[in-house]
Amino acid sequence: MHFARFPRVSLAHLPTPLERLDRLSKELGGPEIWIKRDDCTGLSSGGNKTRKLEFLMAEAMAMGADMVMTQGATQSNHARQTAAAAAKLGMACHILLEDRTGYQDHNYNENGNVLLDHLHGATTEKFPGGHDMPGEMQRAAEAAMAEGRKVYTIPGGGSNATGALGYANCAMELLSQVNERRLVVDHLVHATGSSGTQAGLIVGLKALNAGIPLLGFGTRAPQERQEQMVYDLAVKTAEKLGCAGVVARTDVRADTSYVGAGYGLPRADTIEAIRLFAELEGILLDPVYSGKGAAGLIDYCRTGKFAKGERVVFLHTGGSVGLFGYDSVLIDAGKQMAAE
């Protein structure tokens, strides 16, 4: 894989750390758990989208854009990192936010990622759930261009073949760290949503013949749809990288058992995962992505799907800023746990 031929701007603190979670491993009493700290990429508190934005923002600059536009849920980590990248590079940023939870809480709608969107200078507009968000963004982009703006649109989550390059590259970074420490990794897991992270990782792992099984714990879509989205994007990413055909449909695996009532709606095991990582390892997860991915990881350890003695790497996609939008949910869950 040759990345040098693609425009790229330096935004992330790389390589991100690879750490062993001794206390969590002991608590779960089975596999040896490691964590790839992509919550530490640095841009506006970090997160996985920063790797994607290195390629996306460079492409925008190469095309002469003076404004970037993207869309996502109210507490979108991707929106916050896009706003920060635009601020760093001196570009305007406009974000379309969709209400996917129905939460009326002030902090959910104004704090957390939303606060940082505005602090970075982005403009926002909000839509009810169920809207055609790509269509709304296209209309907004056309309106801005009619006013003389040169607009570069970024899909939700930064998940296209350009953005996925960031995680094909991450696969190389992870393998370098693993090889340097002479580690055998039995499983690599993470939260999967808009599909760019998983698509990029699977392309990188397969192209490098890593032999590490990859599993995404879904946060929104049903399993068949989630896996198909990842596979379709992986095919496009592999073609872009010049390694078409490296990914088979059977290589793409997602478990959507931990989504719960829907996107952005944490359930009890999500909250437990957040508390375990915070209390045992001093690591902050979020209620939308990493918390649900960690819930899947914990359950797989407890039920023996990840066997005793196996080494599992959890890729932390970030998102802790979102905790400040979910304070009422976390407080209510804490009161319920105390009552029980």
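A salt bridge is counted here when a side-chain nitrogen of Lys or Arg lies within 4 Å of a carboxyl oxygen of Asp or Glu. The side chains of Arg51 and Glu173 meet that condition, with N and O 2.7 Å apart. Please keep in mind while reading that the model is predicted.

## Salt bridges

Arg51 belongs to helix H2 (residues 49-62) and Glu173 to helix H7 (residues 161-181), so their salt bridge ties together parts that are 122 residues apart in sequence. Both partners are shielded: Arg51 is buried, with a relative accessible area of 1%, and Glu173 counts as buried at 14%. The two also take part in something wider, since Lys36, Asp38, Arg51 and Glu173 are linked in a network of salt bridges. In general, side chains of opposite charge can pair when their charged atoms come close.

The structure holds 16 salt bridges. The table sets out some of them, including the pair just described.

| Pair | N to O distance | Relative accessibility |
|---|---|---|
| Arg51 and Glu173 | 2.7 Å | Arg51 1%, Glu173 14% |
| Arg139 and Glu136 | 3.5 Å | Arg139 47%, Glu136 17% |
| Glu224 and Arg249 | 3.5 Å | Glu224 53%, Arg249 25% |

Arg139 and Glu136 sit 3 residues apart in helix H6 (residues 133-146), a separation of about one helical turn. Within this pair, Arg139 counts as partly exposed, while Glu136 is buried.

Glu224 and Arg249 form a salt bridge as well. This pair links distant parts of the chain, 25 residues apart: Glu224 is in helix H9 (residues 223-241), and Arg249 is in the loop between H9 and strand S9 (254-255). Here Glu224 is exposed and Arg249 is partly exposed.

## Where H2 meets H7

The two helices that carry Arg51 and Glu173 also pack against each other. The axes of H2 and H7 come within 7 Å and cross at roughly 135°. They are therefore oblique to each other, and H2 passes H7 in a right-handed crossing.

Which residues make the contact between H2 and H7? On the H2 side they are Arg51, Lys52, Phe55, Leu56 and Glu59. On the H7 side they are Thr162, Gly163, Leu165, Gly166, Tyr167, Cys170 and Glu173. Arg51 and Glu173, the salt-bridge partners, thus appear in this contact list too.

## Strands S2, S10, S7 and S8

Is strand S10 (residues 311-316) buried or exposed? Its residues are buried, 6 of the 6, so the strand is largely enclosed by the rest of the structure. Arg311, Val313 and Leu315 point one way from S10, and Val312, Phe314 and His316 point the other way. In a regular strand the side chains alternate between the two faces of the sheet.

S10 has parallel partners in S2 and S7. Strand S2 (residues 32-37) is joined to S10 by 6 bridges, and Glu32 stands opposite Arg311. Strand S7 (residues 187-192) pairs with S10 over 4 bridges, also in the parallel sense, with His190 opposite Leu315.

S7 in turn pairs with S8, again parallel, over 5 bridges. In this pairing Thr192 stands opposite Gly218. Strand S8 (residues 214-218) is mostly covered, as 5 of its 5 residues are buried. Leu214, Gly216 and Gly218 point one way from S8, and Leu215 and Phe217 point the other way.

## The sheet S5-S4-S3-S6 and its helices

An open sheet of 4 strands runs in the order S5-S4-S3-S6, with parallel pairing. Strand S5 (123-127) and strand S6 (151-154) stand at the edges with a single partner strand each, so one side of each is left without a neighbour in the sheet. Neighbouring strands are turned by 20° against each other on average, direction ignored.

At the S5 edge, strand S4 (residues 92-98) is joined to S5 by 5 bridges, and Glu98 stands opposite Phe127.

Helix H3 (residues 77-89) lies across strand S3 (67-73), S4 and S6, and runs at about 170° to S4. H6 packs on the sheet too, touching S3, S4, S5 and S6, with its direction at about 155° to that of S3. H6 is also the helix that holds the salt-bridge partners Arg139 and Glu136.

Methods. Residues are numbered from 1 along each chain as its sequence is written. This is a predicted model: local features need pLDDT of at least 70, side-chain atom pairs count only at pLDDT 80 or more; totals for chains, interfaces and linings use all residues. Side-chain values use heavy atoms; hydrogens and water are left out. Buried means under 20% relative accessible area, exposed over 50%, partly exposed in between (1.4 Å probe, protein chains only). Two strands pair if DSSP finds at least two bridges between them. Axes are lines fitted to C-alpha atoms, for helices over the stretch in contact, and angles run from 0 to 180 degrees between N-to-C directions. Angles under 35 degrees count as roughly parallel, over 145 as roughly antiparallel, 65 to 115 as roughly perpendicular and the rest as oblique. A crossing is left-handed if the near helix is turned anticlockwise from the far one by less than a right angle, and right-handed if clockwise. Contact means heavy atoms within 4.5 Å.
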